[in-house]
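Q: I have a structure open and would like to talk through a few spots in it. Can we go one by one?

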Amino acid sequence: MSVESAHAVLERAFSRATAFLQSLAQRPVGARASVVDLRAALGAELSVSGVDPTQVLDELAAAADAGLTASAGPRYFGFVIGGSHPVGVAADWLVTAWDQNAGLQVTSPAAAVVEEVAGKWILDLFGLPGSASVGFVTGGQMANFTCLAAARHAVLARQGWNVEEDGLGGAPPVRILLSEQAHVTVFNALAMLGLGKRMARVVDADGEGRMIPSALEGALKSGAGPTVVIAQAGHVNSGAFDKIGLLSDLSHADGAWIHVDGAFGLWAAASPRYRHLVAGLDEADSWSVDAHKWLNVPYDSGLAIVADAVSHRACMSASASYLKQAEQDARDPLMYTPELSRRARGFAVYAVLRALGREGIAALVDRLCSRARQMAGRLASEDGVEVLNEVVLNQVLVGFRPPPGLGGDDFTERIITRVQTGGTCWLGGTVWNGRAAARLSVCNWSTSPDDVERSADAILEAYRQEAALQRR
Ligand SMILES: *Cc1c(COP(=O)(O)O)cnc(C)c1O
């Protein structure tokens, strides 16, 4: 490929990408094409002699378009999904062009140093110990995996067992105590670490999903041995926070390691207004947090933070004769992540943190929390619509009172489908305290008060229409 045609294809990508970003505020939020449509549009035979790159790009963008969701846009409230701040997108474009391997200092000194700097900023923003280590992983799943690997290492090392060398066969059993409705990725991490999903013991929670401290105390007392407690900062449904300081005291009194899954909720620590929700955060042993959710950097980006950097390195470090590693004291990125070769995702984190600054990040947190309250207020003002959680952060759970004689689950499902196909906004469903609910997460830097109004109107309209249909 010539230099000129390389330039042409990149320029084409730039104009298509910016056109897409500009369309986000108007395009239907859900995908328009079904998977069957997309297979037909994209599923050609692999070409034998190749296709012109610019043509490939054009056809790819055209065929994919109807199968894209506007999850990067301001009215996507499904799951817990952030958008991307423009400076994060821009930095990530550079990363793609630079094609750095962020595994070792020697393969990209700049990537390694940017992680060092952004890692320090993160610790400072969250008020975590400056000596903690930070691994730049793909997301919350791998952050949980990495932190729990460090936990597994540490609690077994205290029993004189080296799990990295000797495995788990014959090791003292590790007790896992976790929050009710711990995120599914916590269970996946346990499974991958050989700790077994079924080995985990669920500690009772209150109506908002917060672990009950006296229940943890009882659970800790009712057994012994190496123990890991897994708490939540930001319940995946309600956004509620476990009492991290108190749970940390209880865990440490028992010699346990306490990990905090704070995929989105940890960002409360970066706001003076919401920091009280994570009181005692710095007392825990490890923390997982996403950057691609609330910080609004592009996928894929999460952070595994461990107070005991030695345990973090012990479980993740790769060593081989050909891997010339950094000098003592220097930071090779691969010492803190499961991967060796990987994307230099620290650059986008660095760029967004630097562009927003301490106040801009606090403002981002505060703004999305107030949009969530705005949404809750609008929806709850309708007769028959009820907000089911305390809106302490950015999550809103909504219940709809079905017309007489109709089941609530079906009714809720129909309203959600109607909203999704309507295209104004997108939200998902969940089950909350045994009741079907719609679940909204306000996570996008660009969501305006007007976006909330329009979305609330669409949701209430869907509710009224379904109610009217059912009454007929
Ligand atoms: C999203 C989420 C995760 C998983 O994060 P991914 O980035 O999707 O891997 C874990 N825990 C909680 C509480 C989450 O909200």
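**Contacts and ligand surroundings**

A: Leaving aside neighbours within four places in sequence, Glu-382 is in contact with Leu-460, Tyr-463 and Arg-464. Please keep in mind that this is a predicted model.

Q: Where does Glu-382 lie, then?
A: Glu-382 is found in the loop between α12 (346–380) and β8 (385–387).

Q: And is Glu-382 buried or exposed?
A: Glu-382 counts as buried because its relative accessibility is 18%, and the cut-off for that class is under 20%.

Q: Switching to the ligand, which residues are closest?
A: The ligand is surrounded by 14 residues, and the closest of them are Gly-140, Gln-141, Asp-261, His-292 and Lys-293.

Q: What are the distances for Gln-141, Asp-261 and Lys-293?
A: A polar backbone atom of Gln-141 is 2.7 Å from an oxygen atom of the ligand. For Asp-261, a polar side-chain atom lies 2.8 Å from a nitrogen atom of the ligand, while for Lys-293 a polar side-chain atom lies 2.8 Å from an oxygen atom of the ligand.

Q: How much of the ligand does the protein cover?
A: On its own the ligand has 380 Å² of accessible area, and the protein covers 85% of that.

Q: What's the shell made of, by class?
A: The shell around the ligand has 8 polar residues, along with 3 nonpolar and 3 charged ones.

Q: Which element gives the largest share of that shell?
A: That is helix α6 (residues 140–157), from which 3 residues of the shell come.

Q: Staying with helix α6, what about Ala-149?
A: Ala-149 lies in helix α6, and it counts as buried because its relative accessibility is 2%. Apart from neighbours within four places in sequence, Ala-149 is in contact with Leu-193, Cys-315 and Met-316. If you want a distance as well, the C-alpha atoms of Ala-149 and Leu-195 are 10.0 Å apart in space, with their positions 46 residues apart in sequence.

Q: Next one, Ser-288: what does its side chain pair with?
A: The side chain of Ser-288 makes a polar contact with the side chain of His-259, at 3.3 Å. Ser-288 sits in strand β6 (residues 286–290), and it counts as buried, since its relative accessibility is 1%.

Q: Which other residues does Ser-288 touch?
A: Not counting residues up to four places away in sequence, Ser-288 touches ten or so that you can look up in the viewer, among them Ala-143, Asn-144, Cys-147, Asp-261 and Leu-303. Asp-261 also belongs to the residues closest to the ligand.

Q: Zooming out, how is the chain divided into domains?
A: The domain assignment gives domain 1 (3–68) and domain 2 (90–354), and their centres, taken over C-alpha atoms, are separated by 36 Å.

Q: What about Val-89?
A: Val-89 has its place in helix α4 (residues 86–98), and it is buried because its relative accessible area is 14%. Leaving aside neighbours within four places in sequence, Val-89 is in contact with Ser-84 and Pro-298. From Val-89 to Arg-471 it is 48 Å, C-alpha to C-alpha, and the two are 382 residues apart in sequence.

Q: Last one, how exposed is Asp-37?
A: Asp-37, which lies in helix α2 (residues 35–42), is partly exposed because its relative accessible area is 42%. Its C-alpha atom is separated by 34 Å from that of Ala-348, and the two residues are 311 residues apart along the chain.

Definitions and conventions. Residues numbered from 1 in each chain as written. Predicted model: local features only at pLDDT ≥ 70, side-chain atom pairs only at ≥ 80, totals over all residues. Heavy atoms only, no water. Helix = DSSP H or I, 4+ residues; strand = E, 2+ residues; numbered from the N terminus. Buried < 20%, exposed > 50% of the residue type's maximum accessible area, 1.4 Å probe, protein only. Polar contact = N/O pair within 3.5 Å; in protein donor to acceptor, adjacent residues only side chain to side chain. Contact = heavy atoms within 4.5 Å. Domains from an automatic or database assignment. Near = heavy atom within 4 Å. Areas by Shrake-Rupley, 256 points an atom, 1.4 Å probe, with all protein chains shown as cover. Nonpolar A, V, L, I, M, F, W, Y, C, P; charged D, E, K, R; others polar.
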